[in-house]
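Please look through the sequence and the model below before reading on. The report then moves from the whole chain to two single residues.

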Amino acid sequence: MASVADNVMRFFRGSSDQTSAPTVPLKRNRRSSGMGEISRLLNSEESLRVLDLGSTSANNIRFLTAKGHKNYSEDLLQASLDPAFRVKDETGKLVPDSKKFLDENLTYANGLFDVVLCWNLPDYMEESLVKPTIDRLWSVMKPGGLLLVFFHTRDAGPDAPCYRFHITDTDMLETQEVRLTGTGDKQIPRLQRVFNNRNIENLFRDFASIKFFLARDAIREVLLVR
């Protein structure tokens, strides 16, 4: 089976300039077909466990707890920048170590979660961490559980902003541009790669089913059943 490294298209690597972050990250609203599908499960079941893979969102906590569900949050994109998870490769370059990363992140019991909101994490996480992270998510999800993830299309362009997604209604999300806190000024995450449909199917090959929704904002929403 080809690796993610073999499958993805890397046409952004040559650009490394950082754009100055505005004082207040921009926000906008978007309709989400995938979130609408997730909400059907949230409305029909009680006391589900939901894993939200982004910084803590008061909107998401309110939305989920109001329906009787338990919310867990992990900001994996921010965590992936921790220097403690980096080792030197054969050229002496510091690169992420997926084992070290997963020794301290996503450390949940197998089969714990009914729903995982992955958002756009694979597009912005460093390549060597993507497949191990998806494999760990498969392990911590219940059979039949739902995973929602967003992928950019090539039309988005290399400077497509990274968003944090806040649930405001059954199928509505408020998007807020992400700023990553590093050793200096806050930085804008850069789109690492673009996955095509076959790449996505390979990435989630262990899941039982996959469904695509193409949105107007150059985003493919993907809903998966564990």
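Among contacts in the protein chain between residues at least 6 apart in sequence, what percentage join residues at least 24 apart? The share is 71%, where a contact means heavy atoms within 4.5 Å.

This is a predicted model, in which local features need pLDDT of at least 70 and side-chain atom pairs count only at pLDDT 80 or more, while totals for chains, interfaces and linings use all residues. Residues are numbered from 1 along each chain as its sequence is written, and side-chain values use heavy atoms, with hydrogens and water left out.

The protein chain holds eight helices and eleven strands; these are DSSP runs numbered from the N terminus, with helices being H or I of at least four residues and strands being E of at least two. Of the 226 residues in the protein chain, 47% are buried, a term that means under 20% relative accessible area, with exposed over 50% and partly exposed in between (1.4 Å probe, protein chains only). The accessible surface of the protein chain is about 11,400 Å², and 47% of this area belongs to carbon and sulfur atoms; such areas come from the Shrake-Rupley method with a 1.4 Å probe, and for residues only the protein chains shown count as cover.

Two residues have a positive phi although neither is a glycine.

| Residue | Phi | Place | Relative accessible area |
|---|---|---|---|
| W119 | about 55° | strand β6 (residues 113–119) | 2%, buried |
| A218 | about 60° | loop between β10 (209–214) and β11 (219–225) | 16%, buried |
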